[in-house]
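Me: I would like to go through a structure with you. Could you show it to me?

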Amino acid sequence: MHSLEAGADQVLAPPCIMGILNATPDSFSDGGSYADADAAIARGLQMVAEGATWLDIGGESTRPGADQVASEEELARVVPVIEGLAGRGARLSIDTRKATVAQAALAAGAELVNDVSGGLFDPRILTVTAKAGALYCAMHMRGTPATMTGQANYEDPVAEVTLALAERANAAIQAGIDPECLILDPGIGFAKRLPHNLAVLRGLPTLASLGFPLIVGLSRKKMILELTGVDDPKQRLAGSLAGLSAAVLRGAHILRVHDVKPSVEATAVAAALR
Ligand code: HH2
């Protein structure tokens, strides 16, 4: 069984970096750059050299408005990349909502299933993960990438996201996933507008009080554009690092980022100050 450091230790464990590896033609900031498996593997190895503990490999863009990708196409995009990176210095995560893709990715060498739907899109993903004894990250969102923007309405974002994630954690545990294999993520930018994203980031300690480690992904996202005015996603590093540091100070355990080296450095400083 895979496990993060559990219990009280995990709170003190140094936060670490998860490098984003999108084997997609259409992701919002790096779509098309690593659509070829060899290019994706080379990029993965570069992120390992820069200090990534995890690589999160995805074959379906989940940016707002994105269309669904067929399982066969998603599998063809991610499996060769996972096989090429397994055992080469990083722990591997599969970013998928689909049970068939998760199952193949775990067989190919991934050890964490990163599900942006928290098991709502394809509930069988929970049993597949449980059977493999793998780690599972339940991210918060509402609807699907195609419909989520219209569902960004909250009276109390922190309370509503915390309650929804507690429900997803329960569903995962009911399906047989070991609580020590569970990770939660507030889902920055998923069915959330700027005030909601800021509220859940400020409220990370409330989310952490559920007792599971937290992944936070805000790298280059629209909230950085909204706060800085920087239009080109690749130029949003400074804003992304400020957000990352705040997330580390509020208890994030795994930071999902595009720019690994500067994020490793910012995390080291923020972690020393928390
Ligand atoms: N964000 C994205 C995708 N997967 N997984 C988790 N756990 N947390 C996140 O915040 C998260 C995620 C969206 O970002 P990206 O992968 O860069 O773009 P795209 O969805 O267009 O591939």
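The exchange below deals with the ligand site and then with the protein chain.

Reply: Please keep in mind that this is a predicted model.

Me: Which residues come nearest to the ligand?

Reply: There are 17 residues around the ligand, and those that come nearest are Ser27, Ser61, Asp185, Lys221 and Arg256.

Me: What does Asp185 come close to, in atoms?

Reply: An N or O atom in the side chain of Asp185 is 2.7 Å from a nitrogen atom of the ligand. Asn114 also has a polar side-chain atom 2.7 Å from a nitrogen atom of the ligand.

Me: And which kind of ligand atom lies by the side chain of Arg256?

Reply: That is an oxygen atom of the ligand, 2.7 Å from an N or O atom in the Arg256 side chain.

Me: How much of the ligand's accessible area does the protein cover?

Reply: On its own the ligand has 480 Å² of accessible area, and the protein covers 99% of that. The ligand takes up the space of the largest pocket.

Me: What classes of residue make up the shell?

Reply: The shell around the ligand has seven polar, five charged and five nonpolar residues.

Me: New topic: how many helices and strands are in the protein chain?

Reply: The protein chain has eleven helices and eight strands.

Me: Why does its radius of gyration agree with a compact globule?

Reply: The protein chain has a radius of gyration of 17 Å, which agrees because a compact globule with 274 residues would have one near 19 Å. Along its principal axes, the C-alpha trace spans about 40 × 40 × 40 Å.

Key:
Residues are numbered from 1 along each chain as its sequence is written. This is a predicted model: local features need pLDDT of at least 70, side-chain atom pairs count only at pLDDT 80 or more; totals for chains, interfaces and linings use all residues. Side-chain values use heavy atoms; hydrogens and water are left out. A residue is near a molecule or strand if one of its heavy atoms lies within 4 Å of it. A polar contact is a pair of N or O atoms within 3.5 Å; within protein, one must be able to donate a hydrogen and the other to accept it, and residues adjacent in sequence count only if both atoms are side-chain atoms. Accessible areas come from the Shrake-Rupley method with a 1.4 Å probe; for residues, only the protein chains shown count as cover. On a 1 Å grid over the protein atoms alone, a cavity is a set of points where a 1.4 Å probe fits but cannot get out, and a pocket is an open set with protein on both sides within 12 Å along at least five of seven lines; lining residues have an atom within 4 Å of a point. A molecule sits in a cavity or pocket if more than half of its atoms lie within 2 Å of its grid points. Ala, Val, Leu, Ile, Met, Phe, Trp, Tyr, Cys and Pro count as nonpolar, Asp, Glu, Lys and Arg as charged, and the others, Gly among them, as polar. Helices (H or I, at least four residues) and strands (E, at least two) are DSSP runs, numbered from the N terminus. The radius of gyration is taken over C-alpha atoms; the globule rule is 2.2 Å times the number of residues to the power 0.38.
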